[in-house]
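Colleague: Could you take me through the ligand site in close detail, and then the backbone around it? I'd like the cut-offs along the way.

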Amino acid sequence: MFCHDSDNQRRDMTMRYLSTRGEAVEREFSGVLLTGLAEDGGLWQPAAWPRLDEAAYAPGADYAARAFAVTRPFTVGGLKEQDWRTLLADVYAGFRHKATAPLVQLDTNLWLMELFHGPTFAFKDLAMQVLGRLFDLVLKAQGTRITIIGATSGDTGAAAVEAVRGLKTIDLVMLYPHGRISDVQRRQMTTVEEPNIHTIALEGTFDDCQDLVKILFADTALREEWRLAAVNSINWARVMVQTVYYVHAVAQLGGGPVSFAVPSGNFGNVYAGYAAREMGLDARRFIVGSNSNDILARFFEAGDMSTRPVTPTHSPSMDIQVSSNFERLLHDLLGRDGPAVVRHMAAFRQSGRLPLDEAHWREVHQLFRGHAVNDDTTLAQIARTQAETGMTVDPHTAVGIAAACALRDPDMPTVALATAHPAKFPDAVEQATGRRPPLPDALAAQAERPERATRMPNDPNLLKTFIRERVCRP
Ligand SMILES: *Cc1c(COP(=O)(O)O)cnc(C)c1O
């Protein structure tokens, strides 16, 4: 939508990355991978979008092969071709479903893409499993180690813990909002015994956790001494790897056009769909599903991006009011003008409302639509989906399906993304359907193990002290 063909990157050329805020020096893939945020506080973006080629669309390609075809141009100059191919094959071989991300038809022209067959039963695994191995590969080659610090509304943390537990090259410090994530999500992080995992239960919201991470990154001394790195959804490599399933869906449905319905929080998932579209994917529209924390839906429908207090819901991984990855879309929308991004973000931070002119908003509204549902509607959607299709979906997925039902064009094939396994949110599913989803063995085993986490008030100094005292200095 916003870029032009002349921006396209040659597939065999070293990919360079620039910051959305325009100040940081451009880097190659391995630099972008480890820093997460750019030095100027911006997010890394590829300098130009590569074009999807025939191999990316190959009918019948397995997921790992497609992942390689789609993402290879982004890693040129940073990773050897064979290393990248092998890594992807190893990761996706570890998923419980042979198809990795199977498509299931729900209705005429409505499909569900199941993204929850990885080790922690949420879509975060598709990217995080890759990220853990990528970090390890690059760090081993450099002979160094790092401290990953992250904020989680539940699923990211579990996926990150699972991806890096036991690695010699990484310490992981993961913050989650105390009392605001499900028991299953919490246990996935707190029952891990490996000493390189440090889990922190912060007395605050997910946005507070995210703010603390940003404050830590702004502390240059700490950042450099402990070699802080990020794995939350602002990490470019995650967005990059998430572009794959959009291409996979379209390839399997015969080439497009296809619309997508995506339950959204931090805007990482649906932004990856937009990125795939910039690479040439025939994606017609992105339907963004929100829970009562509806900032994205308000923005896409009415241009109103203003923060409100966070309300806990049945879909906690979307209890977010500041969607970090939105800055990436803003960057493209403003013609990749770094200083303009800085002005918009500063105004947003100060006033709590994004000042975006009407013409830009109209452009966004062409491609993105938003629909918010409250908890009652979410539960009703779980019940209805089960009654009509026999499938049990989790509350996040239900939000996406509800948004699809509200806004999809019935003549357009639409793929709703199933972002978590229903057993991850058994209370909500039971409330909706009267039946508790059976717990897969891997999750049942966790309920028996002792938990380990550090409870902490929302204070950056306490967190800095924790890191200085408890985390090995690289
Ligand atoms: C993280 C998550 C989301 C939201 O994805 P974003 O990339 O933050 O928009 C939705 N559903 C589930 C289950 C998640 O774990």
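Modeller: Start at glycine 265: one of its polar backbone atoms is 2.8 Å from an oxygen atom of the ligand. That makes it a polar contact, which takes a pair of N or O atoms within 3.5 Å (within protein, one must be able to donate a hydrogen and the other to accept it, and residues adjacent in sequence count only if both atoms are side-chain atoms). Glycine 268 also offers a polar backbone atom, 3.2 Å from a ligand oxygen. With lysine 124 the partner is in the side chain, where an N or O atom sits 2.5 Å from an oxygen of the ligand. The protein covers 97% of the 380 Å² of accessible area that the ligand has on its own (Shrake-Rupley method, 1.4 Å probe; for residues, only the protein chains shown count as cover).

Before going on, a caveat: this is a predicted model, where local features need pLDDT of at least 70 and side-chain atom pairs count only at pLDDT 80 or more, while totals for chains, interfaces and linings use all residues. Numbering runs from 1 along each chain as its sequence is written, and side-chain values use heavy atoms, with hydrogens and water left out.

Around the ligand there are 15 residues, the closest being Lys124, Asp155, Gly265, Asn266 and Asn269; to be near, a residue needs a heavy atom within 4 Å. By class, that shell splits into five nonpolar, eight polar and two charged residues. Here Ala, Val, Leu, Ile, Met, Phe, Trp, Tyr, Cys and Pro are nonpolar, Asp, Glu, Lys and Arg charged, and the others, Gly among them, polar.

Now the backbone. Phenylalanine 267 has a positive phi of about 70° despite not being a glycine, and it belongs to the loop between E9 and helix H11 (268–278). Helices (H or I, at least four residues) and strands (E, at least two) are DSSP runs, numbered from the N terminus. Phenylalanine 267 is buried, at 1% relative accessible area; buried is under 20%, exposed over 50%, and partly exposed in between (1.4 Å probe, protein chains only).

On the other side of E9, glycine 256 and proline 257 are joined by a cis peptide bond, with omega about 5°. Proline 257 lies in the loop between helix H10 (236–252) and strand E9 (258–263).

Arginine 227 is another non-glycine with positive phi, near 50°, in the loop between helix H9 (220–225) and strand E8 (228–230). Arginine 227 is partly exposed, at 27% relative accessibility.
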